[in-house]
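Open the model in your viewer and keep the selection panel at hand. We will go from stop to stop, with something to select at each one.

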Amino acid sequence: MSGKSNMCQVLGLERRGVMHSDQGTRFSINGKPVYHYCAVSSFSEYTVVHTGCAVKVSSAAPLEKICLLSCGLAAGLGAAWNVADISKGSTVVIFGLGTVGLSVAQGARIRGASQIIGVDTNPEKCDKAKDFGITEFINPNDCNEPIQQVIKRITDGGADYSFECIGDTGMITTALQSCCDGWGLTVTLGVPKVKPEVSAHYGLFLSGRTLKGSLFGGWKPKSDLPSLVDMYMNKEIQIDEFITHNLPFEEINKAFELMREGKCLRCVIHMPK
């Protein structure tokens, strides 16, 4: 209600897999409860969700495409537009060029950023990244000096905006060191699997840098998702290009393998008819 955040005191961030009304589940197998993953339960053909989690969108929009707006793609665009509010002619560096990072790149390109640097250890990401707006690709494994030094040199002092899209808290420090003094802004989008604590020298903040977190890119799903769908339908944002594989539900483990091997951006899982 404040207009300052998309966080909701009523719904919060559901981690227990139960309904808010009675703290129970709506699914069961042989009498045992089956929990609602992230309050969405998207691995089922039919689901029960809180009204706050149900969004009405254009009936003309293809669900097998706009499903990407449910997480990574929307999170990246929102981080660029809502959280960082990237300005025209600015310099941007993105750590991690998966769907989230490339969505940040797309958002930066649409906003008119003059330099969009992508950082990833997977050399196969280079060509694909340029399709989404990356102007320069850096593989840290090919560098003879710390990546933050490389970025400071090619941006003449550091980027205006840096985005951590890996889920590595160590890289948050690197991202902070890669943005400029005075107004450099670092946005973290990744979810760390280990070591959730962030450590950084206080001098980075004393010199004017800012570190911001981002949840779903600051979008309010109920009111903002329909407009993102409309932007896709009007060909203002790319979605199709992020879908590298379409697989049937029985091959879901193959999709996870492709993800682990870095051979896909998004695999769309199709339920049996």
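Select Phe163 and show its surroundings in this predicted model. Leaving out residues up to four places away in sequence, Phe163 touches Ala79, Ala80, Ala84, Ile86, Val92, Val93, Ile94, Phe95, Val104, Val187 and Leu189. Phe163 is also among the residues with the most contacts inside the largest nonpolar core, along with Leu69, Ile86, Ile94 and Leu228.

Now widen the view to that core, which has 43 residues. Color the elements that give two or more residues to it: α2 (72-83), β3 (91-95), α3 (99-111), β6 (161-164), β7 (185-188) and α8 (221-233). Which element gives the most? Select α2: it supplies seven residues. In soluble globular proteins, nonpolar side chains tend to be buried together.

There is a second core to find, separate from the one above. It has 11 residues, including Val119, Ile138, Val150 and Ile151.

Next, put α2 and α3 on screen together. Their axes come within 7 Å and cross at roughly 40°. Are they roughly parallel or oblique to each other? Angles under 35 degrees count as roughly parallel, so α2 and α3 are oblique. The crossing is right-handed. To see the interface, select Gly72, Leu73, Gly76, Leu77, Ala79, Ala80 and Trp81 on the α2 side. On the α3 side, select Thr99, Val100, Ser103, Val104, Gln106, Gly107, Ala108, Ile110 and Arg111.

Stay there and pick Ser103, in helix α3. Ser103 is buried, with a relative accessible area of 0%. Beyond its neighbours within four places in sequence, Ser103 is in contact with Gly72, Leu73, Gly76, Leu77 and Phe242.

Compare a second helix pair: α5 (residues 147-154) and α6 (residues 169-178). The axes of α5 and α6 come within 8 Å and cross at roughly 25°. That angle is under 35 degrees, so α5 and α6 are roughly parallel to each other. Their crossing is right-handed. Select Ile147, Gln148, Ile151 and Lys152 in α5, which meet Thr174, Gln177 and Ser178 in α6. Ile151 also belongs to the second core.

Move to Asp120, in the loop between β4 (115-119) and α4 (125-130). Is Asp120 buried or exposed? Asp120 is buried, with a relative accessible area of 11%. Setting aside residues up to four places away in sequence, Asp120 touches Gly96, Leu97, Lys125, Phe137, Ile138, Asn139 and Pro140. Draw a C-alpha to C-alpha distance from Asp120 to Gly101: it is 9.9 Å, for two residues 19 apart in sequence.

Two loop residues come next. Asp156 is found between α5 and β6. Asp156 has a positive phi of about 60° although it is not a glycine. Asp156 is exposed, with a relative accessible area of 73%. Then jump to Lys235, in the loop between α8 and β9 (243-248). Lys235 is not a glycine either, yet it has a positive phi of about 60°. Lys235 is exposed, with a relative accessible area of 76%.

Finally, select residues 100-231. An unreviewed UniProt entry places the feature "domain: Alcohol dehydrogenase-like C-terminal" there. Over this range the chain is 39% helix and 15% strand. The end C-alpha atoms are 18 Å apart.

Conventions: Residues numbered from 1 in each chain as written. Predicted model: local features only at pLDDT ≥ 70, side-chain atom pairs only at ≥ 80, totals over all residues. Heavy atoms only, no water. Core = buried A, V, L, I, M, F, W, Y, C linked by side-chain atoms within 4.5 Å. Buried < 20%, exposed > 50% of the residue type's maximum accessible area, 1.4 Å probe, protein only. Helix = DSSP H or I, 4+ residues; strand = E, 2+ residues; numbered from the N terminus. Contact = heavy atoms within 4.5 Å. UniProt positions renumbered as here; feature names shortened; annotations may be inferred. Axes fitted to C-alpha atoms, helices over the stretch in contact; angles between N-to-C directions. Parallel < 35°, antiparallel > 145°, perpendicular 65-115°, else oblique. Left-handed = near helix turned anticlockwise from the far one by under 90°.
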